[in-house]
Amino acid sequence: MVAPRRFLPSISSLRALEALDRLGSASAAAEELCLTQGAVSRQLQTLEKQLDLVLVDRSHKRLTLTEQAGDYAREIRQALGQIAQATLKVQSLPVGGQLNLAILPTFGMRWLVPRLPDFSRRHPDVTLNMGTRLQMFSFAGETFDAALHYGTGHWPGAEAMLLKGERLIPICSPELLATREIADSTQILTFPLLHIQTRPNAWQDWFTAVGVPAPQAAYDQGAHYDQFSTILQAVLHGLGAALVPDYLVEQDLAQGKVVALHPTAVEAEGAYYLVWPREKSKNPALKKFKDWLAPLAQPEDTLPR
């Protein structure tokens with residue numbers, strides 16, 4: 001809702017008030033604003049009349065602000081700065097617009113970034129800005145236009161497009177495996193189990209999926225990591241077994257840096273989605289990004305959930 005007219009003085013009057021407060025004299029304010037001192041005085045009179053307040057002390061043949069007006073001017077200074085920044089931003093926008101995108105660091109770097117040169121070639125007029133977010137967040141409290149995130153596709157007030165399912169496989173280092181015998185999946189419980197903070201139930205869901213009962217204590221132990229990139233380093237250094245997306249460790253498995261503790265990857269409950277607020281659906285830059293991603297996305301009906 002836009003405030004009533006009486007609460008929205010002219011920019012010229014507010015600039016005169018702010019300049020007088022900051023510079024301390026009408027002559028300095030007039031010089032900065034390219035006005036005469038009389039014009040500055042008239043702008044302030046117009047403001048006083050609109051607000052029905054005395055803002056300026058005109059005694060001693062000079063203009064000084066009252067204490068109340070000084071407080072008002074300092075708040076106005078912030079607002080004028082925001083208006084200037086918003087104006088600069090809209091003037092500097094690229095022709096095709098810009099898209100502020102939240103990404104999960106590992107998925108963004110491994111899956112999205114290698115594909116971005118094609119997007120840049122097709123849409124050189126769109127500027128794509130990216131920031132990382134590990135936890136779910138509200139678009140209302142962020143400046144993002146969309147997000148590449150993990151979940152079930154349900155985000156309040158938002159729409160989503162499936163990008164890729166997640167298949168998990170347990171891994172460890174060859175050195176750690178050499179210290180144990182793995183005849184079946186049950187014996188994975190003898191390893192230190194490493195956990196990802198954003199997937200607190202991953203191990204429990206995985207053992208249930210492969211038919212291995214395990215006590216709750218087995219899931220409560222072991223170190224926790226905030227990113228797959230760090231948990232992979234922990235695995236490489238023999239700190240334990242981790243449950244990771246298979247696409248992240250294809251090369252490490254092929255090169256023998258890590259070993260799989262189960263013959264096949266198991267479909268996870270969640271998947272990776274492009275998510276955006278409904279009110280942003282007509283954003284031209286977002287539409288170009290969605291249209292570009294669509295052929296790369298995994299079809300919905302290939303995910304048995």
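Select isoleucine 169 to begin, and then show its surroundings: leaving out residues up to four places away in sequence, isoleucine 169 touches Ala242, Leu243, Val244, Asp246, Val249, Ala260, His262, Thr264 and Ala265. Please keep in mind throughout the tour that this is a predicted model. Isoleucine 169 belongs to strand 6, which runs over residues 158-172, and with a relative accessible area of 7% isoleucine 169 is buried, because the word is used here for residues under 20%. If you draw a distance between the C-alpha atoms of isoleucine 169 and valine 249, the viewer should give 9.2 Å, although the two residues are 80 apart along the chain.

**The nonpolar cores**

Next, look at the interior around this strand. The largest nonpolar core has 57 residues, and those with the most contacts inside it are Leu112, Leu148, Leu163, Val244, Leu274 and Phe289. Strand 6 contributes six residues to this core, and that is the most that any element gives. Apart from this core lies another one, of 20 residues, including Ala29, Ala30, Leu33 and Leu80. As a general background, nonpolar side chains in soluble globular proteins tend to be buried together.

Now select leucine 112 and display what surrounds this residue. When neighbours within four places in sequence are left aside, leucine 112 is in contact with Leu101, Ile103, Phe107, Met130, Leu148, Phe289 and Trp292.

**Helix 5 and its aromatic rings**

Leucine 112 leads you to helix 5, where it is one of the buried residues, together with Pro105, Thr106, Phe107, Gly108 and Trp111. This helix is mostly covered, as six of its eight residues are buried.

How many aromatic pairs are there to look for in this model? The count comes to twelve. One of them is formed by phenylalanine 107 and tryptophan 111, whose rings are stacked, with 5.2 Å from centre to centre and 10 degrees between the planes. These two residues are four apart in helix 5 (residues 105-112), so about one helical turn separates them. Phenylalanine 107 counts as buried at 2% relative accessibility, and tryptophan 111 counts as buried at 6%.

For contrast in geometry, select phenylalanine 119 and phenylalanine 289: their ring centres are 5.4 Å apart and their planes stand at 85 degrees, so the pair is edge-to-face. Because phenylalanine 119 lies in helix 6 (residues 116-122) and phenylalanine 289 in helix 12, the pair ties together parts that are 170 residues apart in sequence. Phenylalanine 119 is buried at 2% relative accessibility, and phenylalanine 289 is buried with a relative accessible area of 0%.

Then select Phe107, Trp111, Tyr150, Tyr247 and Tyr272 together, since these residues form one aromatic cluster. While tyrosine 150 is still highlighted, add arginine 199, whose charged end sits over the ring of tyrosine 150, 3.5 Å from its centre. A second arrangement of this kind can be found at arginine 180, where the charged end sits over the ring of phenylalanine 191, 5.0 Å from its centre.

**Helix 12 and its beginning**

Move on to helix 12, residues 284-293, and colour its buried residues, which are Ala285, Leu286, Phe289, Lys290, Trp292 and Leu293. On which side of helix 12 do they lie? They are on the same side, because they cover an arc of only 165 degrees around the axis. At the N-terminal end of the helix, asparagine 283 acts as a cap, with a side-chain oxygen 2.9 Å from the backbone nitrogen of alanine 285.

**Two buried polar residues**

From asparagine 283 you can step to aspartate 145, which sits in the loop between strand 4 (127-132) and strand 5 (146-151). Is aspartate 145 buried or exposed? At 6% relative accessibility, aspartate 145 counts as buried. Its side chain makes a polar contact of 2.8 Å with the side chain of lysine 280. Beyond four places in sequence, the residues in contact with aspartate 145 are Gln98, Leu99, Asn100, Phe139, Trp276, Pro277, Lys280, Asn283 and Leu286.

Finish the tour at serine 13, which is found in helix 1, residues 11-23. Serine 13 is buried as well, at 1% relative accessibility, and its side chain makes a polar contact of 3.1 Å with the side chain of glutamine 43. Not counting residues up to four places away in sequence, serine 13 touches Gln43, Leu44, Thr46 and Leu47.

Conventions
Residues numbered from 1 in each chain as written. Predicted model: local features only at pLDDT ≥ 70, side-chain atom pairs only at ≥ 80, totals over all residues. Heavy atoms only, no water. Buried < 20%, exposed > 50% of the residue type's maximum accessible area, 1.4 Å probe, protein only. Arc of directions from axis to C-beta. Polar contact = N/O pair within 3.5 Å; in protein donor to acceptor, adjacent residues only side chain to side chain. Phe/Tyr/Trp six-rings, centres within 6.5 Å; stacked < 30°, edge-to-face > 60°. Lys NZ or Arg CZ within 6 Å of the ring centre and 35° of its normal. Contact = heavy atoms within 4.5 Å. Core = buried A, V, L, I, M, F, W, Y, C linked by side-chain atoms within 4.5 Å.
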